[in-house]
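Subject: Handover of a structure and summary of findings

Dear colleague,

Please find below the structure that I am passing on to you. I would be grateful if you would look through it before reading my notes, which follow directly after it.

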Amino acid sequence: MRTGNRHKWNMEHMPGPRLMNDMLILPTGDILIINGAERGVAGWDTARNASLRPYLYNPNRPLGRRFSLLRPTRIARMYHSSAVLLPDGRVLVGGSNPHNRYTFSNAAYPTELRLQAFVPYYMDRQYHPLRPSNVTILNHIDDGVVYGGEFHVRFLQGRRPSRDVEFVAYAPPFTTHSMSMNQRMLRLRAKSIERGEGGWFNVVLEAPPSPNVAPSGYYMLTVVNKGIPSLSQWVRFIHGS
C-alpha cells in the first residue's frame, strides 16, 4: 500500500464480460475471480452464458498482462453462488439458484446443490519441495495474540527458504452476491528467522498494530515461500488485558 496524496487510477480490461462473480484473495496475493455469467442480470432466471472459466489476476505483472484464464468447470454457478478459501489452499465452491424458488428442471440453469473444490496451481505436486510444512504457532496466549505483540512460529522446510518468504494473515469472508465482506490480507513483519535442526525454522512475527489494520477475530496464518503457500493455521488477534 502506498501512502501520500498523489494517486491515480489505472484501467485494466478483463478477458471477457462477467457479472455475479465472486472474488477471493489467495495466499499468494493473486485474486481469483470465479462463478457468474457473461450477460443478463442477477435473479429471476435472466442471466445467460455462464462464466465457466475462472480468471486469475496477478497485480505484480505489467499492466495488460495481469489476467490468466484457468481451467473451466462444467457446472454453472450463477446467482446465489459462493466461494471460500480453505486452510489447505483449495477453494470451496457451491450454490447457484437464479430462480424465485428452488427449480431443478425445465430451466436453463437449474438450482445447483453440488459442491466443488477448485485446486489452484500452487497445490501441484511439483511445488512440494518449495512448500513450507508443519506450520505451528507456539507461544500465543489461550485467547489469541495481542495487537502489536510478538508471537513465535516454526515451520519445516527441506531447503532454506528464499529471501522473499512471506508470512500472511488472511481474514476469510463468506463470498456471495459478488461481495466479500471483511476480506483482507496482511503481510506480517518477521523480526527474526533462525534455522534449527532437521530443517526447522523458528520465526518471531509481529502482530498487527491495532484493529484499525486488522479487526479482531480469526485469521489464517500462512507461510509463503517463493510464491508457494503452506497449509494455514488459525490465529486470533485480540486486545491486551
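Where does asparagine 106 lie? Asparagine 106 is placed in the loop that runs between strand S8 (91-95) and S9. Please bear in mind throughout that this is a predicted model. The phi angle of asparagine 106 is near 55 degrees, which is a positive value in a residue other than glycine. Asparagine 106 counts as exposed because its relative accessibility is 84%, and the cut-off for exposed is over 50%.

Methionine 20 may be read alongside it. Its phi is near 60 degrees, again a positive value in a residue other than glycine. Methionine 20 belongs to the segment before strand S1 (22-25). With a relative accessibility of 12%, methionine 20 counts as buried, since buried means under 20%. Methionine 20 also helps to line the largest cavity, together with Asp22, Met78, Tyr79, His80, Ser81, Thr176, His177 and Ser178. That cavity has a volume of about 40 Å³, and the structure holds one cavity of 30 Å³ or more.

The chain as a whole

The chain has zero helices and 21 strands. Its C-alpha trace spans about 60 × 45 × 40 Å along the principal axes. Of its 241 residues, 44% count as buried. Among the contacts with a separation of 6 or more, 57% are between residues 24 or more positions apart.

The nonpolar cores

The largest nonpolar core has 23 residues, and those that touch the most other members are Phe151, Leu188, Leu205, Tyr219, Leu221 and Phe237. Two or more residues of this core come from each of strand S10 (133-137), strand S12 (150-156), strand S13 (166-171), strand S18 (200-206), strand S19 (217-225) and strand S21 (233-238). Apart from this core lies another, of 22 residues, including Phe67, Val91, Tyr122 and Ile228.

Phenylalanine 237 shows how a residue of the largest core meets others along the chain. Setting aside neighbours within four places in sequence, phenylalanine 237 is in contact with Val145, Tyr147, Phe151, Ala169, Leu188, Ala207, Pro208, Ala214, Ser216, Gly217 and Tyr219.

Aromatic rings

How many aromatic pairs does the structure hold? There are nine aromatic pairs in the structure. In one of them, tyrosine 55 and phenylalanine 67 meet edge-to-face, with 6.3 Å from centre to centre and 75 degrees between the planes. This pair links distant parts of the chain, as tyrosine 55 is in strand S5 (residues 55-57) and phenylalanine 67 is in strand S6 (residues 67-69), twelve residues apart. Tyrosine 55 and phenylalanine 67 are both buried. Tyr55, Tyr57 and Phe67 make up one aromatic cluster.

Tyrosine 55 has a charged partner too: the charged end of arginine 18 sits over its ring, 4.5 Å from the centre. Elsewhere, arginine 154 lies over the face of tryptophan 200, at 4.1 Å from the ring centre.

Arginine 159 and histidine 152

Arginine 159 is found in the loop between S12 and S13. The C-alpha atoms of arginine 159 and tryptophan 200 are separated by 9.7 Å, although the two residues are 41 residues apart along the chain. Leaving aside neighbours within four places in sequence, arginine 159 is in contact with Pro129, Leu130 and Phe201.

Histidine 152 has its place in strand S12. Is histidine 152 buried, exposed or partly exposed? Its relative accessible area is 31%, so histidine 152 is partly exposed, a class that lies between under 20% and over 50%. Histidine 152 and valine 203 are 5.7 Å apart in space, C-alpha to C-alpha, and 51 residues apart in sequence.

The second largest pocket

The second largest pocket has a volume of about 420 Å³. It is lined by 22 residues, of which Arg71, Pro72, Ala117, Phe118 and Val119 are the closest to its centre. Strand S2 (31-34) and strand S9 (115-118) are the elements that give two or more residues to this lining. S9 provides the largest share, three residues.

Yours sincerely,
A colleague

Key. Residues are numbered from 1 along each chain as its sequence is written. This is a predicted model: local features need pLDDT of at least 70, side-chain atom pairs count only at pLDDT 80 or more; totals for chains, interfaces and linings use all residues. Side-chain values use heavy atoms; hydrogens and water are left out. A nonpolar core is a set of buried Ala, Val, Leu, Ile, Met, Phe, Trp, Tyr and Cys residues joined through side-chain atoms within 4.5 Å. Buried means under 20% relative accessible area, exposed over 50%, partly exposed in between (1.4 Å probe, protein chains only). Helices (H or I, at least four residues) and strands (E, at least two) are DSSP runs, numbered from the N terminus. Contact means heavy atoms within 4.5 Å. Rings of Phe, Tyr and Trp (its six-membered ring) pair if their centres lie within 6.5 Å; planes under 30 degrees apart count as stacked, over 60 as edge-to-face and the rest as tilted. A charge sits over a ring if NZ of Lys or CZ of Arg is within 6 Å of the ring centre and within 35 degrees of the ring normal. On a 1 Å grid over the protein atoms alone, a cavity is a set of points where a 1.4 Å probe fits but cannot get out, and a pocket is an open set with protein on both sides within 12 Å along at least five of seven lines; lining residues have an atom within 4 Å of a point. Grid points are joined across faces, edges and corners, and a volume is the space filled by probe spheres set on the points.
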